[in-house]
Amino acid sequence: MPKVSVPATLGFLNARTRAVSRIRLVVAFAALVAVGGLSTMVTLGPKPAGAAGDATHPGIFRIPLDTPLTERAVYPPGIAVGSFDGAYTIATMYKSGVFAGNKVAFWGSEAGALKAGSYPLDEFVYVLEGDLVTVDADGTRHEFHPGDAFVIPKGWAGTWDMKTHFKKIIVNF
């Protein structure tokens with residue numbers, strides 16, 4: 001077994017100590033960046049839809065569950081399946097002031113089916129009313145009812161079949 005000199009051993013410890021110190025420094029820096037990013041988000045704050053908000057001191061924004069769905073829209077041809085006209089209503093409750101396109105909204109429709117070739121964004125869904133059956137492009141079937149929650153990932157392909165009047169709260173991210 002070769003002899004190891006004391007200076008070589010101390011050199012190893014010093015290298016290890018320096019590496020640990022560097023890791024601690026990186027972790028501390030990452031924490032500061034994260035806190036700084038969070039404080040920037042809180043300071044600049046996302047703003048409610050249609051409201052200027054206070055850029056220096058944002059407050060909690062309540063989402064009333066009884067909000068009427070007043071915005072009317074229709075999906076373009078090819079999205080609605082069968083005799084469904086593709087009409088839906090929506091109420092956008094909150095738009096992010098930090099990330100364009102991120103929002104919280106209520107969405108509602110009468111019974112009918114939709115087809116998605118590549119869903120355009122990530123969406124968290126909480127079912128408020130109605131029954132839904134989705135079928136992924138690979139044939140996997142899912143059923144959802146009031147109180148269920150799920151995520152539609154960006155790029156999802158499949159069918160969305162609302163068996164009854166359907167209402168959901170969505171968070172696009």
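I take a nonpolar core to be a set of buried Ala, Val, Leu, Ile, Met, Phe, Trp, Tyr and Cys residues joined through side-chain atoms within 4.5 Å. I am working from a predicted model.

**Entry: main core**

I looked up the largest nonpolar core and found 19 residues in it. Trp107, Leu132, Phe150, Ile152, Trp160, Met162 and Phe166 are the members that touch the most others. I then listed the elements that give two or more residues to this core: strands S4 (87–95), S5 (103–109), S6 (112–116), S7 (123–129), S10 (149–152), S11 (158–162) and S12. I also noted a second, separate core of seven residues, with Leu69, Ala91, Tyr94 and Ile169 among them.

**Entry: isoleucine 152**

I picked Ile152 from the members that touch the most others in the largest core. I left aside its neighbours within four places in sequence and asked which residues isoleucine 152 is in contact with. I found Tyr119, Leu121, Asp122, Glu123, Val125 and Trp160.

**Entry: whole chain**

I counted one helix and twelve strands in the protein chain. Read along the sequence, the helix comes before the strands, in the pattern α-β-β-β-β-β-β-β-β-β-β-β-β. The chain has 173 residues, and 26% of them count as buried. For contacts between residues at least 6 apart in sequence, I noted that 63% join residues at least 24 apart. The accessible surface comes to about 11,200 Å², and carbon and sulfur atoms account for 65% of that.

**Entry: salt bridges**

How many salt bridges does the count come to? I have three.

I took lysine 168 and glutamate 123 to begin with; their side chains meet in a salt bridge at 3.1 Å, N to O. Lysine 168 lies in strand S12 and glutamate 123 in strand S7, so the pair ties together parts that are 45 residues apart in sequence. Are these two buried or exposed? Lysine 168 has a relative accessible area of 3% and is buried. Glutamate 123 also counts as buried, at 3% relative accessibility. I had already met Glu123 as a contact of isoleucine 152.

Next I looked at glutamate 143, which forms a salt bridge with arginine 141; the closest N and O atoms are 2.6 Å apart. Glutamate 143 is partly exposed, with 44% relative accessible area.

The remaining entry is aspartate 161 with lysine 163, whose side chains meet in a salt bridge at 2.6 Å, N to O. Aspartate 161 counts as partly exposed at 22% relative accessibility; because buried means under 20% relative accessible area, I could not list aspartate 161 as buried. Lysine 163 is partly exposed too, with a relative accessible area of 47%.

**Entry: threonine 134**

I located threonine 134 in strand S8, residues 132–136. Threonine 134 counts as buried, at 4% relative accessibility. I left aside neighbours within four places in sequence and listed its contacts as Thr140, Arg141, His142, Phe144, Trp156, Thr159 and Trp160. Arg141 is the salt-bridge partner of glutamate 143, and Trp160 is also a contact of isoleucine 152.

**Entry: surface patch**

Which residues form a nonpolar patch on the surface? I found Phe124, Tyr126, Val151 and Phe173, with about 350 Å² of accessible area together. I checked phenylalanine 173 on its own and placed it in the segment after strand S12 (166–172). Phenylalanine 173 is partly exposed, with a relative accessible area of 46%.

Methods. Residues numbered from 1 in each chain as written. Predicted model: local features only at pLDDT ≥ 70, side-chain atom pairs only at ≥ 80, totals over all residues. Heavy atoms only, no water. Patch = residues over 30% accessible without salt bridge, like charges linked within 9 Å, V, L, I, M, F, W, Y side chains within 5 Å. Areas by Shrake-Rupley, 256 points an atom, 1.4 Å probe, with all protein chains shown as cover. Salt bridge = Lys/Arg side-chain N within 4 Å of Asp/Glu carboxyl O. Helix = DSSP H or I, 4+ residues; strand = E, 2+ residues; numbered from the N terminus. Buried < 20%, exposed > 50% of the residue type's maximum accessible area, 1.4 Å probe, protein only. Contact = heavy atoms within 4.5 Å.
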